[in-house]
Amino acid sequence: MTVCSLDPFYLIVDRADWLTRLLPLGVKLVQLRVKDRPEAELRGEIARARDLCRGAGAQLIVNDYWMLAIDAGCDFVHLGQDDLAEADIPALRRHDVKFGISTHDDAELERALSYAPDYVALGPVWPTLLKEMKFGPQGLEKLGRWKKRVGDVPLVAIGGLTPSRACLALAAGADSACVVTDVLRASDPETRTVEWVTATAPWRDASELTRGFSPDYAGADVFPSPNHGPRAKAVSALILHYTGMPTAEGALELLCSPIREVSAHYFVEEDGRVLQLVPEERRAWHAGVSYWAGETDMNSASIGVEIAHPGHIDPHPFPPAQIESVITLSRDICERRRIAPRRVLAHSDIAPRRKIDPGEFFPWETLAEAGVGHMLAPSPAMEGPALELDMAGAAVSHLQSQLANFGYKLAETGIYDEDTAATVAAFQRHFRRSRVDGRADASTIDLLTRLLAI
């Protein structure tokens, strides 16, 4: 059987009139789902939708009414589980009509596959507003499992999708993301349609960015993000981040959305599950404008790990299972890539004025004890004289020189300015976590001197 190819954006409409508005915006896959209409009206709607889709070069799928679809010369229908009892599958095949089947659980999937469908739909992936469902949300992990089971048969995700969630569904293994209410009930359906077309564009036009790949780390599940490019430098650093968002799913949406243009090589869930979003040979977009030890393209020179954590909006400890996974992953990367301990860095190290992650509550000492990173025990932070804002002189110049030699981007001006304070705070956030105040007290200066001597 020839494998069917589906556009990644699958729009469902309840009347043909929608097509005159939305097809010109780039929609290439449409299901006409019309309910409770007289047969004459149904035939008219199907015929009009058929003609509009043909004129726009779009694929039309007729929901339920397989006999009317055959009569109208349509070439694709969608069947629910209840429709299978009455649908004449051999007749559809004789008329070269393709068909997809809705599924919700394992039994329905096995039943659907026994008919050799042209696609299988799984839903609802998220809670849906369209209708009452006897099945709860299926979730992203089920999409991944089902894609492995269906193999080359296209998998359609449906239920509760938005443009950002569509990117998650496609990264999880779906071949197409189906939507009804998010477009049809939008205040501006045309604008929302364009958002859908844009969000799904990499899966339509840039398969080299979205195809699956073998994980570089054996403990990772592949979850491809389209946001990456070619490397310009050899890997020499590992950068750790927190996501800084209330939910892990929200962070994944950001990292997989081509509209936002950010990503990382790895994503570590709170329960310790590791996802690989970008192959290590590619340049992920995690560092932004950054610098370390003369390197200005840290995206090219590093591997980025995003750790799911709300960050400073809720600065609680990182879960032990998550930290254990970060350690195991980081150790594997550093061994394979020969990354020196002193080049295991925080995002805040390479961009002190912009970033504060993974934060002073990240357990750098625990990583160092496990062989990851460059640490020494600091002397306690104490009250007393310190270099601080607006001071000037040789001591400030010496401090700035030491920080620059350590790797930070800092000019030796002799004036304790905002850049110096931000850099000192970044150093403290990583290496002297008991007090992060941007003041170079005796403890901070002592630890910096000792680290430089290693």
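**A barrel, a sheet and two cores**

Reader: Which residues of strand β2 point the other way from L29 and Q31?
Author: Strand β2 covers residues 29–32, and L29, Q31, V30 and L32 are all buried (under 20% relative accessible area with a 1.4 Å probe, protein chains only; exposed is over 50%, partly exposed in between). Helices (H or I, at least four residues) and strands (E, at least two) are DSSP runs, numbered from the N terminus. L29 and Q31 point one way from β2, and the other way point V30 and L32.

Reader: Before we go on, what pLDDT do local features need here?
Author: Residues are numbered from 1 along each chain as its sequence is written, and side-chain values use heavy atoms, leaving out hydrogens and water. This is a predicted model, in which totals for chains, interfaces and linings use all residues, side-chain atom pairs count only at pLDDT 80 or more, and local features need pLDDT of at least 70.

Reader: Back to β2: which residue in β3 is the bridge partner of Q31?
Author: On one side, β2 runs parallel to strand β1 (residues 9–13), joined by three bridges, and there I12 stands opposite Q31. On the other, β2 pairs in the parallel sense with strand β3 (residues 59–63) over four bridges; pairing needs at least two DSSP bridges between two strands. In β3, the partner of Q31 is I61.

Reader: What is the handedness of the β-α-β unit made by β2, helix α2 and β3?
Author: A crossover is right-handed if, with the strands pointing away from the viewer, the path from the first strand over the helix to the second runs clockwise. From β1 the chain passes through helix α1 (residues 17–22) to β2 in a right-handed crossover. The unit of β2, helix α2 (residues 39–56) and β3 is likewise right-handed.

Reader: In what order do eight strands close into a barrel?
Author: The pairing in this barrel is parallel, and its neighbouring strands are turned by 25° against each other on average, direction ignored. Axes are lines fitted to C-alpha atoms, for helices over the stretch in contact, with angles from 0 to 180 degrees between N-to-C directions. The order is β1-β2-β3-β4-β5-β6-β7-β8.

Reader: Which strands stand at the edges of the open sheet?
Author: Six strands form this sheet with mixed pairing, in the order β9-β13-β12-β15-β11-β16. Each edge strand has a single partner strand, so one side of each is left without a neighbour in the sheet. The edge strands are β9 (220–222) and β16 (344–346).

Reader: At what angle does helix α12 run to β12?
Author: Helix α12 (residues 248–256) lies across β12 (266–268), β13 and β15 (302–307). Its direction makes an angle with that of β12 of about 170°.

Reader: Which helix gives the most to the largest nonpolar core?
Author: A nonpolar core is a set of buried Ala, Val, Leu, Ile, Met, Phe, Trp, Tyr and Cys residues joined through side-chain atoms within 4.5 Å. The largest has 87 residues, and those touching the most other members include V77, L143 and F223. F223 touches, among others, L168, A171 and A172, where contact means heavy atoms within 4.5 Å. With seven residues, the main contributor is helix α7.

Reader: How many residues are in the second, separate core?
Author: This core includes Y242, W364, A421 and F427. For the whole protein, 54% of the 454 residues count as buried. The number in the second core is 52.

Methods
Lists of a residue's contacts leave out its neighbours within four places in sequence.
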